[in-house]
Amino acid sequence: MHVALSPFSQYTMRDMNTAHTTTPPAAISLHLEGIAASYGARTVLSDISLTLQSGEVLIINGPNGSGKSTLLRLLCGLQQPTSGTLFYAWQGRRYAPLAARHLIGWVAPDLALYRELSGHENLRFFASVRGLRCTAAELDAVLARVGLGGRGGDWVGAYSSGMVQRLRYAYALLHAPPVLLLDEPTITLDERGAAVVASLIHAQRALGITVIATNDPRELRFGDYVLTLVPG
Amino acid sequence: MRVVLAATWAVLRKDIQSELRTRYAFNALLLFAASTAVAVSLGVGFIGLQRDPQTIVIQSALLWIALLFAALNGLSRSFVQEEERRTTLALRLAAPPTAVYLGKLVFNLLLLLVLDTVTTLLFLVFLRVEIANPLMFVVVLALAASRRPPRPRCRARGSSSWASRPGES
């Protein structure tokens with residue numbers, strides 16, 4: 001297993017993004033120290049240490065099976081590391097990933113929403129369980145932000161794969177999280193959808209941290225740092 | 001606490017809404033209850049024509065066995081459904097675990113109440129069961145439906161204790 005974390009300054013996009021970044025309102029930071037993860041006897045990740053600050057974007061890339069999605073699952077608490085320490089620091093407190101649910105928005109191909117409910121009903125449900133009181137207009141605004149304006153009343157089962165991906169973004173952004181974790185962010189999206197994602201990642205710089213797992217070389221431009229995972 | 005209660009209500013409301021649209025658990029339970037009642041009726045239907053104490057005991061035992069197995073068949077479905085549709089991840093990241101448990105517990109209790117009612121009605125029709133004390137019978141059914149312990153070990157124990165009271169049906 002080889003892990004390389006390199007500054008991504010060779011891409012001009014970094015300077016452009018930094019230029020747009022204002023002082024982040026939510027000073028959140030992500031800390032990984034000696035993180036390792038295994039599936040049975042097979043070690044997927046080992047000895048990953050890094051710190052990410054508000055306004056920064058980390059790209060995780062590597063071939064299939066190198067542990068990109070696993071690392072993202074560790075970051076949102078859906079999986080526990082075999083060893084190491086992982087926490088978010090926010091407002092003077094440390095949060096383990098699963099205790100930081102209210103701070104995290106996660107988009108991934110694994111993320112399924114309720115097909116028998118409409119997009120609007122899905123968002124209303126997830127807002128309710130998060131303790132948010134959202135009006136219909138606010139939910140419509142979230143849907144419009146991801147390009148689903150006017151389609152909120154349709155059942156998710158009738159959505160195309162690209163529309164489902166957009167709804168995943170609505171689910172992730174509903175509570176305006178300071179941490180955005182994106183696994184294959186533009187998968188199944190058309191060009192307009194990819195542009196929406198680019199704007200969301202750009203806007204997230206003002207809110208906090210973004211971590212993106214991707215194999216698409218075009219998405220490297222979003223990042224400040226690249227973490228390259230190589231299966232050992 | 002208020003957040004957990006609100007989230008519990010949201011989970012319950014969502015489960016009911018999903019169930020009304022998909023009838024995922026209800027159809028399975030209904031099929032089981034109907035097929036059991038018909039099968040029992042075909043097998044021991046003549047019992048219904050007799051009214052001796054032993055017949056009443058057998059009818060009661062059959063009813064509780066049908067309720068028990070229908071419940072075991074259907075209770076896990078609200079959780080299994082979340083796993084099968086892979087919505088568990090979204091739920092885990094958004095909802096407090098306590099709210100998910102409580103919401104699904106209440107949903108299962110409601111489902112069991114419906115199941116009790118349907119199964120009992122089917123038994124009344126197919127086995128010609130006579131209820132000596134209707135009020136007590138309804139109370140016992142409601143208690144049976146509300147007795148949903150968290151661990152299967154307790155569930156089996158509780159069920160056998162109810163099944164051992166045939167005189168109440």
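In this predicted model, the side chains of D110(A) and R86(B) meet in a salt bridge, with an N to O distance of 4.0 Å. D110(A) lies in the loop between β7 and α3 of chain A and R86(B) in the loop between α4 (77–84) and α5 of chain B, so the pair joins two chains. This briefing sets that pair in the context of the interface between chain B and chain A, of the other salt bridges, and of selected sites in chain A.

**Interface between chain B and chain A**

- On the side of chain B, 23 residues are in contact with 25 residues of chain A.
- The two chains bury about 2,200 Å² between them, and carbon and sulfur atoms account for 61% of that area.
- Three residues, R21(B), L89(B) and L93(B), supply 31% of the area that chain B buries against chain A, which is more than any other three residues supply.
- The rule finds three salt bridges across this interface.
- One salt bridge is formed by E121(A) with R21(B), whose closest N and O atoms are 2.8 Å apart.
- Nine residue pairs are found in polar contact across the interface, with both residues of each pair at pLDDT 80 or more.
- Two helices of chain B, α1 (2–22) and α5 (88–94), each supply at least two residues of the side that touches chain A.
- The largest share of that side, 10 residues, comes from α1(B).
- By class, the side of chain B that touches chain A comprises 12 nonpolar, four polar and seven charged residues.

**D110(A) and its two partners**

- Besides its pairing with R86(B), D110(A) forms a salt bridge with R73(A), where the closest N and O atoms are 2.8 Å apart.
- D110(A) is in the loop between β7 (104–107) and α3 of chain A, while R73(A) is in helix α2 (residues 68–76) of chain A, so this pair ties together parts that are 37 residues apart in sequence.
- D110(A) has a relative accessible area of 27% and is therefore partly exposed, since buried means under 20% and exposed over 50%.
- R73(A), at 19% relative accessibility, counts as buried because its value is under 20%.
- R86(B) counts as partly exposed, at 47% relative accessibility.
- In general, side chains of opposite charge can pair when their charged atoms come close.

**Salt bridges within chain B and overall**

- Over all chains, the structure holds 12 salt bridges.
- K104(B) forms a salt bridge with E82(B), and the closest N and O atoms are 3.0 Å apart.
- This pair links distant parts of the chain, with K104(B) in helix α6 (residues 97–126) and E82(B) in helix α4 of chain B, 22 residues apart.
- K104(B) and E82(B) are both buried.
- A network of salt bridges links K14(B), D15(B), E82(B) and K104(B).

**Helix α4 of chain A**

- Helix α4 of chain A spans residues 136–145, and its buried residues are L139(A), V142(A) and L143(A).
- These residues cover an arc of only 100° around the axis, which puts them on the same side of α4(A).
- The buried residues of α4(A) pack against two helices of chain A, α3 (119–129) and α5 (161–173).
- G147(A), which follows α4(A), has a positive phi, near 85°.

**A buried site and an exposed site in chain A**

- T210(A) is placed in strand β9 (residues 209–213) of chain A.
- The relative accessibility of T210(A) is 0%, under the 20% cut-off, so T210(A) counts as buried.
- Not counting residues up to four places away in sequence, T210(A) touches L52(A), E56(A), V57(A), L58(A), L180(A), L182(A), I201(A) and Q204(A).
- Q80(A) is placed in the loop between α2 and β5 (83–90) of chain A.
- The relative accessibility of Q80(A) is 58%, over the 50% cut-off, so Q80(A) counts as exposed.
- The C-alpha atoms of Q80(A) and A36(A) are separated by 9.4 Å, although the two residues are 44 residues apart along the chain.

Note on methods: Residues are numbered from 1 along each chain as its sequence is written. Chains are lettered from A and ligands numbered from 1 in the order in which they are written. This is a predicted model: local features need pLDDT of at least 70, side-chain atom pairs count only at pLDDT 80 or more; totals for chains, interfaces and linings use all residues. Side-chain values use heavy atoms; hydrogens and water are left out. Contact means heavy atoms within 4.5 Å. Buried area is the accessible area (1.4 Å probe) that two parts lose on being put together, summed over both. A polar contact is a pair of N or O atoms within 3.5 Å; within protein, one must be able to donate a hydrogen and the other to accept it, and residues adjacent in sequence count only if both atoms are side-chain atoms. Helices (H or I, at least four residues) and strands (E, at least two) are DSSP runs, numbered from the N terminus. Ala, Val, Leu, Ile, Met, Phe, Trp, Tyr, Cys and Pro count as nonpolar, Asp, Glu, Lys and Arg as charged, and the others, Gly among them, as polar. Buried means under 20% relative accessible area, exposed over 50%, partly exposed in between (1.4 Å probe, protein chains only). The arc is that of the directions from the helix axis to the C-beta atoms.
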